[in-house]
Structures are given as C-alpha cells and as structure tokens.
Amino acid sequence: MSFDSLGLSPHLLAAVADAGYTQPTAIQSQAIPAIIDGADVLGAAQTGTGKTAAFVLPLLERLGKGHEKKPRVLVLAPTRELAAQVAESVGTYGAKTNLKKTVVFGGVGYQPQISAFKKGVDIVVATPGRLLDHLNNGHIDLSNLDTLVLDEADRMLDMGFIHDIKRVLKYVPGKRQTLLFSATFSKDIRKLASSLLKQPIEIDVAPRNSTAERINQKVVMVEKPRKRAVLSHMIRSDDWSQVLVFTRTKHGANRLVKQLDTDGLTAAALHGNKSQNARTKALEGFKSGDIRVLVATDIAARGIDIDALPHVVNYELPNVAEDYVHRIGRTGRAGAEGEALSLVGPDERKNLKDIEKLIGRQIERFQPQGIDLRAPQSPDDNDDSRPAKPARPRGEGGKDQPRQKNKPHHERARQDDGNNGAHKPRRNSRRGKRGGRGGQRQGSGSNSS
Ligand code: AMP
C-alpha cells in the first residue's frame, strides 16, 4: 500500500515524501481515509506506530491550505513534550500550507500564548490545564472547532486530567468530529470514548499488551548495588551512543544521573520536577548526541519522540506491567531495530513474572561479560568499577576506566549503594558547560508557523 491511495492532496503527499516515508503504517492506512471522511475514530496505538501522522495528515487535508482566524482543530495531549511533538509534526506536514498552529502548555509565560491566539490560529495543541486557564479567562474561543483530538488519552486519565478535559469540553461545540487515541482500551477509556465519540470507527493496531517483534528484549539478573556499574559497563563496552533509562522515581533519576556523570558518561534527567527549560534542554542535548544517557520517569518519557532510539534500559522494572510495554515501545520504532535491557534485582522477580505473563513469553536472560553482577561480599571486593576476573572488558582500562577507581573504598561503596548524599561528583560541570548550547527553546509557549 502506498500513501497515494489514502485521499491526501499533493502538498501533503510531498510532505510525506520529504519526511522519507514510503509506506503508510497500519494505523495510518486505516485512520487517514476514515478521518478525511469526517468519522469519529477510536484508535488503539502506542507511540512509535506512526499515530501522530495518522491524525495530523488527514486533519490537514480537511483544513485545506487557507488560514482562518478561529481554531478549527484542538489536540489535547498529556505532557508538554508530547504537545510540542505533535505541534512539530503539524509544522512539518503542513509546511506547504498557510495554516497557523500554536502549542500551549504550563510552566511557560501566558503572554506569548495569548498573542498567538490574538493573531489567529487554525490548530491548537495543548495540555488540558493551561488551555483551561486560557478558556476561563476568555483568551481563546473554541466555538468554531471542527475536530477535537485526545492523544494518549489513557495517560491523560492516569494523570488525573479527566476533570480538566470535561471542563474544556464545555467550550467546544457538541457537533464536531472527535478522535481518541490510547495505548490500550481500558474500561475507563471505553467509558470516556462512549461519552465523547459518535459511532466511532475502531482501529486497533496495538494488540493489547503485545510487544513489538523487532525489539530485542533482555534481562540481566543483578543485585541492586551493582546496577549502576553494570549499566555503565554495558554503555561503554558496547559503545551505546544514545540510551534512554527508566527509573521509578524522580529522586532515583537524579541520583543515577549524578552517578553516571561520575562515571564519565554524559547524562541528564527528565521528570516532572524539572523546569520546562531544563526538560527542553535535556531532550535537545539527547537528540543532538551531546547527552548520551537520558534518565526518565514513566510519565516524563511519554512525550519523547526520537527516531529509531537504539537502546532502552529499565533500571528498575515498573510496578505496573503495562508500563513495561510503553517503555520498550520507545525503541524499535517505525521499522528500526531496538534493544530493551532490564536490570532486575532479586526483589523485582515478581514484577518480571507479571511482565512475562502480560507479554506472553519469557524474556531472554543475559549475562554481560567482564562485570560482576553480585554485590561486594568483603571490603576487598568493594570496587564496583573493577572488571570481573579473568576477562577484561572491551573498552575499559586507560582513560575509559571509571574515574572513581582511585577513590577510597568507603566512597566507592557509598556510591554503589546509591547513597550519594555524602559524596560530591567530581565532574558534575560537564553538562553545565554544555547547557549554554540549547539556546532555542523547543515548542515554547507560542509556536506559530
Ligand atoms: P509516532 O507513533 O507518531 O510517535 O511516530 C513514530 C515515528 O515514526 C516518528 O518518528 C515518525 O516520524 C515516524 N513515522 C511516522 N509515519 C511513518 C511512516 N509511514 N514511515 C516511516 N516512519 C514513520
């Protein structure tokens, strides 16, 4: 199947070709004609399936090329990152139109967003809370809206946005097209869908809880205090250039970043406690290759869109097995191969079992060479950077050797325990210096095109 048969105009086909897409993905081939027809759509699709283009392209088709003053399309998204990402896609695919878009989220100034509304926009991409502020203050008029999109609706429910969404709906015409995308069709999603959608066409390209075949999944059984050393070792010895690492907590993410920094690996944390500026910078640095390891919590990672992310690591398994599927969906995207590695401690066996039950198969156990997976038993073994005997790992030694080798034992042990409170990383200035590079803000408040 090619894009030509889906009902898209030549300028959109050209944009698709410019993006390098030769074939529509499953969700695109089903959703594009239905949305152009004006149908409501309930789509089960994870990030990585091409779902953004699946609704952006047909909506651009419906809007035509001409700009009008009042918004005709509203996309609601759970996170700032996802909102920025969707807006970027609108800009890319709509490059050959006069349509104006704006992206609206919290944590940045109101004024640029208000100015964008005043100038007139056709497409608004927003997180619910900030949009509601604007609506309540009369900054934006949605009475002309044709289409409402709820992107990653499951996450919006998880994040407690349901009330904001309901309030936003009061400002939106009842007669409209509604599209709802969600990674899974839970009971709550079905309930929300039945209240919002009219005779929707249901498209399910993400069979519930299956994991993509092209993702090479591995588990390393490793004692908790060794996880950091194993992670650093694998990044170095296999020369991973871009790794997304998941931790359960924001605190855990911050701590791991400090530790990796001490190991000489450029790392940054992405989570909800970071300012918008810091998150944008981290993401830009990661995309450009300045930052090798991005450590994120589940929610913060939702909006990350990076082509063909090669490595995802579960530093800790998620408590909810479904989150494993979301996490590893970050790799092996749109036809590219990817690797998902999980570092599983003895206390996480139950989580692992739940995940394997959910995905319906056992994940391969893997034993990395040249690194000890057991926690130190005696003070003499207390060097987490030392390769296990007799093998000497590739890429280690010389200047690649983690720096804390020369530190006193008690300091190394402390880091290994994940207790960095008493120790100051030697090289925490690396990212600080680079921080100045990311001057341009991705998707800042107003982003008209
Ligand atoms: P999404 O699921 O919308 O986050 O898209 C995942 C990635 O797939 C994005 O980086 C898109 O640029 C890419 N993509 C979308 N559609 C296609 C396609 N038809 N062929 C190849 N890549 C695509």
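Here are four short exercises on helix faces, helix packing and backbone angles, each with a worked solution.

This is a predicted model, in which local features need pLDDT of at least 70, side-chain atom pairs count only at pLDDT 80 or more, and totals for chains, interfaces and linings use all residues. Residues are numbered from 1 along each chain as its sequence is written, and side-chain values use heavy atoms, with hydrogens and water left out.

**Exercise 1. Two helices and their faces**

Task: Find which residues of helix H1 (residues 10-18) are buried, and which residues of helix H9 (residues 187-196) are buried.

Solution:
- Step 1. Helices are DSSP runs of H or I with at least four residues, strands are runs of E with at least two, and both are numbered from the N terminus. Buried means under 20% relative accessible area, exposed over 50%, and partly exposed in between, with a 1.4 Å probe and protein chains only.
- Step 2. In H1, the buried residues are His11, Leu12, Ala15 and Val16. Looking down the axis of H1, these buried residues fall within an arc of 145°, so they line one face of the helix. The arc is taken over the directions from the helix axis to the C-beta atoms.
- Step 3. On the face of H1 turned away from its buried side sit the exposed residues Pro10 and Ala17. The buried residues of H1 pack against helix H3 (51-63) and helix H4 (80-93), where contact means heavy atoms within 4.5 Å.
- Step 4. In H9, Ile189, Leu192, Ala193 and Leu196 are buried. Their arc around the axis is only 100°, which puts them on the same side of H9.
- Step 5. The face of H9 turned away from its buried side carries Lys187, Lys191, Ser194 and Ser195, which are exposed. Among the packing partners of the buried H9 residues are strand S1 (41-44), strand S5 (147-150) and helix H7 (153-158).

**Exercise 2. A helix pair**

Task: Describe how helix H10 (residues 227-237) and helix H11 (residues 250-262) cross.

Solution:
- Step 1. The two axes come within 11 Å and cross at roughly 55°. That makes H10 oblique to H11; angles under 35 degrees count as roughly parallel, over 145 as roughly antiparallel, 65 to 115 as roughly perpendicular and the rest as oblique.
- Step 2. From H10, Arg228, Leu231 and Ser232 meet Leu256, Gln259 and Leu260 of H11. By class, the contact of H10 with H11 has three nonpolar, two polar and one charged residues.

**Exercise 3. One residue in H3**

Task: Is Leu63 buried or exposed, and which residues does Leu63 touch?

Solution:
- Step 1. Leu63 is part of helix H3 and counts as buried, at 8% relative accessibility.
- Step 2. Leaving out residues up to four places away in sequence, Leu63 touches Arg72, Val73, Leu99 and Ile123.
- Step 3. Between the C-alpha atoms of Leu63 and Ile36, 27 residues apart along the chain, the separation is 9.8 Å.

**Exercise 4. Positive phi angles**

Task: Where do Glu152 and Gln199 lie, and is each buried or exposed?

Solution:
- Step 1. Most residues other than glycine have a negative phi.
- Step 2. Glu152, not a glycine, has a positive phi of about 50°. Glu152 lies in the loop between S5 and H7 and is buried, with a relative accessible area of 2%.
- Step 3. Gln199, also not a glycine, has a positive phi of about 40°. Gln199 is found in the loop between H9 and strand S7 (201-204) and counts as exposed, at 78% relative accessibility.

Notes: Axes are lines fitted to C-alpha atoms, for helices over the stretch in contact, and angles run from 0 to 180 degrees between N-to-C directions. Ala, Val, Leu, Ile, Met, Phe, Trp, Tyr, Cys and Pro count as nonpolar, Asp, Glu, Lys and Arg as charged, and the others, Gly among them, as polar.
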